[in-house]
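Reader: Hello! I am new to this structure and would love a guided look at it. Could you show me the sequence and the model?

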Amino acid sequence: MARVEIMLGDGNPLVLSAMSEVFERDPRFSLVATTATAEGFLGMAMRVPIQVGVIDWNLPALGAEKLTEVLRAQERAPRVVIYGHDHDPAVPRRAMAVGAAAFVSRSAPIDKLVQTCLDVAEGKMVFPFLDVRELRADPISTLSRKERLLLEALAEGLTNKQLAARLGISTNTVKFHLSNVFDKLSVKNRAQAIAFYYSSQAKG
């Protein structure tokens, strides 16, 4: 099994050092880089392919919320695990709303963080149950800006080729984004995605 390429971002040097040691020793992971700032994380993630990023919710200076939002707009963005305090129940929900794949409490055992990273690398989402249920009321809020533009253009009846021209991307990238959109909206095809879009507009 291929090792999971991981990057760690944490503003606390002791936590960063301890996490680094755990992931470096685990043969299931390849620790690509560590950083104490959101800007450092973004710079590295744009240069090097990383599967999973563990990000401190209060990572200086941008913070994890803004960083995750920016990462989502990138091609081949890492799946994000937010590592934060759980005394504010809104944090996991906010993390999920900006596109993180998981939330792990800083008070949880380190094994929980390791297992969550493995689950996320396999495409799973790991959140406290109530937060997931509340957020799923509006799946469109989980779409990135590009995915939302794609859905709006799709609703106009554009073909993949026309979508590619409209957004200035290749048809392969269109297919990749469409597959993500279908997945996030739990639909199987274009017609269902368009129907979902119009029903959500009617509600709004």
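Reader: Which residues are exposed on the other side of H1, away from its buried ones?
Author: Bear in mind that this is a predicted model. Exposed means over 50% relative accessible area. On that other side of H1, the exposed residues are Leu14 and Arg25.

Reader: And which residues of H1 are buried?
Author: Helix H1 covers residues 13-25. Here buried means under 20% relative accessible area. The buried residues of H1 are Leu16, Met19, Ser20 and Phe23.

Reader: Why do they lie on the same side of H1?
Author: Look at how Leu16, Met19, Ser20 and Phe23, the buried residues of H1, are spread around the axis. They sit on the same side of H1 because the arc they cover is only 105°.

Reader: What do the buried residues of H1 pack against?
Author: Their partners include the strands E1 (4-9), E2 (29-35) and E3 (52-56). To these come E4 and one helix, H5 (110-121).

Reader: Which backbone nitrogen does a side-chain oxygen of asparagine 12 reach at the start of H1?
Author: The side-chain oxygen comes to within 2.9 Å of that nitrogen. The nitrogen belongs to leucine 14.

Reader: Let's turn to the largest nonpolar core: which element gives the largest share of it?
Author: This core has 21 residues, and Phe41 and Leu71 are among those with the most contacts inside it. Two or more residues come from each of H2 (38-47), H3 (64-72), E4 (79-84) and H4 (90-97). The largest share, four residues, is given by H2.

Notes. Residues are numbered from 1 along each chain as its sequence is written. This is a predicted model: local features need pLDDT of at least 70, side-chain atom pairs count only at pLDDT 80 or more; totals for chains, interfaces and linings use all residues. Side-chain values use heavy atoms; hydrogens and water are left out. A nonpolar core is a set of buried Ala, Val, Leu, Ile, Met, Phe, Trp, Tyr and Cys residues joined through side-chain atoms within 4.5 Å. Buried means under 20% relative accessible area, exposed over 50%, partly exposed in between (1.4 Å probe, protein chains only). The expected span of a helix is 1.5 Å times one less than its number of residues. The arc is that of the directions from the helix axis to the C-beta atoms. Contact means heavy atoms within 4.5 Å. A polar contact is a pair of N or O atoms within 3.5 Å; within protein, one must be able to donate a hydrogen and the other to accept it, and residues adjacent in sequence count only if both atoms are side-chain atoms.
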